[in-house]
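Q: Could you walk me through this one, a bit at a time? I'd like to start with what a basic word means before we look at any residues.

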Amino acid sequence: MEKNNMSQRKIDGYLKLAEVINWGRKYPVRFVEKFFGMELLDYQKYVFMNSWSTPFVLWCMGRNSGKALSLDTKIPTPSGFTTMGEIKVGDYVLDDTGKATKVTYVSDIFLGNTCYEVTFEDGEKIIADADHLWNVKTKKWSHYKTINTASMSENFVRFRKDGKGKEFKYRVPMVHPVDYSKKHLPIHPYLLGVWLGDGSSADTRITCDHKDLRSMTANIESIGYRTNIIFNKNRTPSINVGKTPKGLPNEFKTNLRNLNLINNKHIPESYLYGDIEQRYELLRGLMDTDGTVNKGTGECEFAQKSYRIISEFSQLLSSLGIKHNVKKKYNTCGGKTFESYRILFYTDQERSCFKLTRKHEKLKQRLSSRMENKSIVSITKVKSVPTKCISVDSPNSLYLCGEKFTVTHNTTLGAPFIMAKSLLIPNFQAYILAGVGSQSQEMFMKIEKIAKREIASFTGLTDVFYNETVKSAANTDGFTHNPSSFQYRLYNGSLVNSLNGSFDNNRSKRSNLNFYDESGFAPDELFTTSEPFAVQNSDFRLGGDVDVTLYPKQFPNQLIYASSASSTDTYFYRKYKDFSKKMFLGDSRYFVADINCDVVISATYNGKLYPVSLLSQETVDAAMRDNKEKAMREYRNIFTTEGSDDQIIKRATIIRNSEVRVPVLANDGKKRFAIAIDPARQHDNSICTPAEIIYDENVGYKMVISNSVCFTDIAKKKKTPMKTPDQINHFKQILRDYNGPQAADYENIDTVMIDAGAGGAGISAWADGLLSDWTDSKGILHKGLIDKDHDEYSIHAHKYPNAANILKLLSPQKYKREMFEALIEMMNLDLISFTETYDNKGYLNILDTNGESKQYKLSFDEELALVNIDIAKEELVSIYSFKSTNSNIRYDLPPDKQSKIGDDRAYTIAMLAWHLRNLRRENITSKKSNVIENPNEYFLMRKPNIYHKR
């Protein structure tokens, strides 16, 4: 009887579940609100319901904004600190993993906002407005959640129940070690740290205790330095570093002098921006000398009387993600009071701050998880200051702020839609697709964050969906992150994947829903390869002896295209027009939602105006003032007419000719390059673009844009402005790199083209500066360069007989029209290839020979190259042709864009296209014509033999 009752309860449970599923399918909005705990605004409900069972859906939705920090807040970047006030779109800051991430949005400056001073346990203070978002966790939260400053200010502290003082509720994550690029450092960082700690300010001697003498000497010699020990009577011995034969300079001392360190101890800035291992080596040197560790607690201490070194040491620890506190104390000696400083921190043996074994062994084997975050200890309302917000292109939208690299946050209907479909329809298969793999991953991560209740702005989220994900010992939360495809599976057999790889791999799949995120900016190929996923009729069955007509009707397969407005030459716009016409004609299979900023600003909830707007009119107005065309597209859903006849290069052409590949920073000896330079009158705004020349048996010569170098970036990296002579010297290094190893001078360089216009410095500085022979950093002599065909240099060519005649000085007055006509021709023939738009994730997913996606980690210089090529592509689509009254044509930026975007990179690519066209013409005109020397050879007849009769 009990067994029967149990069975009946199971049956009742299944019946109740079936009722819930049927109710959810009929009322999906109410299902999302009740079972997911997500409230939808009225316009979101309208879009959700009309899209639920419609096969062909398009959502054209405008954007909103992020939250704000004080303008003087320090922001760490890959090349050092800047301030929030100085940041602009396209700049690079650092995300919570320590990697460079691109700024994708910068707000207008906000005045009069409610502001708070947020203080952390390490002493860091940051002023943020009430709505700024922070990524935080508490003791009770297993995952980080997003919450604003005002909400935290209400309950960030409480008194402990045991009466032992206060307890702080919110903690932000510590940053991972910042991934700066490896630097060429004249002194090994470990030795520099040792010298800064216990070295003589005036020379190369380093004081060392007897017990560490042998180990310290071995450590220094292991990194390539010669030493000798000096024993002083009644004094601590010292190690003399860099001993050389008499009469030869001590290279170590020379480098100390060159770094301005003699009698001026400090950490040179370049050492604070070395790669992770270089910075750890510096830390170990400093701690082996001026550092101690408590054997019982594992607490480390660094002591110094120099505040400059203390502040630099603090920056070093922050960049390595090590939480620390700075303490000041006063010492009295001879009746005088002196200040000294201590820095206290914890690390473990895996991330040891020591090389000396006796100190290393006192560290804890593993740190407490409490060291992975830091508490907010004070949130105080302060006088309002000007603030600004940014959005960044990091996977979880986080970026770093403050001198101690504090993690903060920046700035969704598709996510709950896919969640509801997959939960309510068994064996449902959905694919999330986008033009860039990281975009589809970001959409997937929204679903994951909602499921894990990690979005604080959704205050009523439940565990219903999360409990339905299939988990295992290897996959404890049900969400997997394979680089080629993120995935979750539900117990009802449903499966959702993001497709992150090459479009060519997106074939032969079956899908019930294709969700195209940011489809307005995806190439046509994405759609043509993936739309067939959903073509099969969802009601199709192979019935055998069963009458398939008796089966209930299934939900139709769906294609959903979601994006803000794009240009009129895109696939998304064509679908927008097509779907809209069919919807207006009464075809129920089509639905288009056009949600512009007016709808969002005046959003209602259950018929009443929602009190907190997702978007303000002020934000829209500021965007309109800054860039009207972009604002019309992103906020008012007005598609831009980039496809007009006057635009010389269409965006679709750029997309068609872009591919995922690593930029080439140097020749491996097997390639051939052309280089174009546009010098600038301003010192460091010159552009250099190298391109590889490839001969294809099918199409002839074609070109691959390999790199784009902006000398402003190099100046920022070196922390010094680059005047023209400095640029020329750096270019010579570029020239050597692209010529390749074991090659004669310029053997692999087709040509070097320089804009010789009056606006730059092509003739007066660059051409003159390249004439003479020059010596590289290895002491190898190289030939100079000359353009013997140029009027100004042809008469002086005899003075430089050794100069290579590969230079081409191009006057815009003479060549500009011809160059841009060549650019149009070569681009329309698909003969110039670009790198794919970079998603700023620090890596590329590259297909190997087996078709498998492999993750390639990019260096900082490779990332910079990708960014500059992306800017070049934007410049190209911004160039238009203008016809004058006398029918002459000029190529230029339209007036409304001339103050917002440059054309230097586009100009270098036009020069390269001109060279490519000339190469292709030479290839045709240089073919030998067939000269008929003996016409009889071309006929199948020969002189007959004549026989005479005898």
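A: Let us start with the word contact, which here means heavy atoms within 4.5 Å. Please also keep in mind from the outset that this is a predicted model.

Q: Okay, so what does S375 touch?
A: Setting aside residues up to four places away in sequence, S375 touches T119, F120, E121, F168, Y170, R171 and R370.

Q: And where is S375 found?
A: S375 is found in strand 21, which covers residues 373–382.

Q: Is S375 buried or exposed?
A: S375 has a relative accessible area of 4%, and because buried means under 20%, S375 counts as buried.

Q: Switching topic, where is V29?
A: V29 has its place in helix 2, which runs over residues 28–36, and at 7% relative accessibility V29 counts as buried too.

Q: What is V29 in contact with, beyond its neighbours in sequence?
A: If we leave aside the neighbours within four places, V29 is in contact with L40, K45, F48 and M49. Taking M49 from that list, V29 and M49 are 20 residues apart in sequence, while their C-alpha atoms are 6.9 Å apart in space.

Q: How do helix 2 and helix 3 lie to each other?
A: The axes of helix 2 and helix 3 (residues 42–51) come within 9 Å and cross at roughly 125 degrees, and the two helices are therefore oblique to each other. The contact is made by P28, V29, V32 and E33 on the helix 2 side, and by K45, F48 and M49 on the helix 3 side. Sorted by class, these residues divide into five nonpolar, no polar and two charged.

Q: What about helix 2 and helix 12?
A: Here the axes come within 11 Å and cross at roughly 90 degrees, with helix 12 covering residues 414–424, so helix 2 and helix 12 are roughly perpendicular to each other. In this pairing F31, V32 and F36 of helix 2 meet P416, M419, A420, L423 and L424 of helix 12, and by class the contact has eight nonpolar, no polar and no charged residues.

Q: Last thing, what is the mean pLDDT of the chain, and where does it stay under 50?
A: The mean pLDDT of the chain is 83, and 84% of its residues reach 70 or more. Over residues 407–411, however, pLDDT stays under 50, although the model has 35 contacts beyond four places in sequence for this stretch. Where pLDDT is low, the predicted coordinates should not be read in detail.

Terms used:
Residues are numbered from 1 along each chain as its sequence is written. This is a predicted model: local features need pLDDT of at least 70, side-chain atom pairs count only at pLDDT 80 or more; totals for chains, interfaces and linings use all residues. Side-chain values use heavy atoms; hydrogens and water are left out. Helices (H or I, at least four residues) and strands (E, at least two) are DSSP runs, numbered from the N terminus. Buried means under 20% relative accessible area, exposed over 50%, partly exposed in between (1.4 Å probe, protein chains only). Axes are lines fitted to C-alpha atoms, for helices over the stretch in contact, and angles run from 0 to 180 degrees between N-to-C directions. Angles under 35 degrees count as roughly parallel, over 145 as roughly antiparallel, 65 to 115 as roughly perpendicular and the rest as oblique. Ala, Val, Leu, Ile, Met, Phe, Trp, Tyr, Cys and Pro count as nonpolar, Asp, Glu, Lys and Arg as charged, and the others, Gly among them, as polar. pLDDT is the predictor's confidence in each residue, from 0 to 100.
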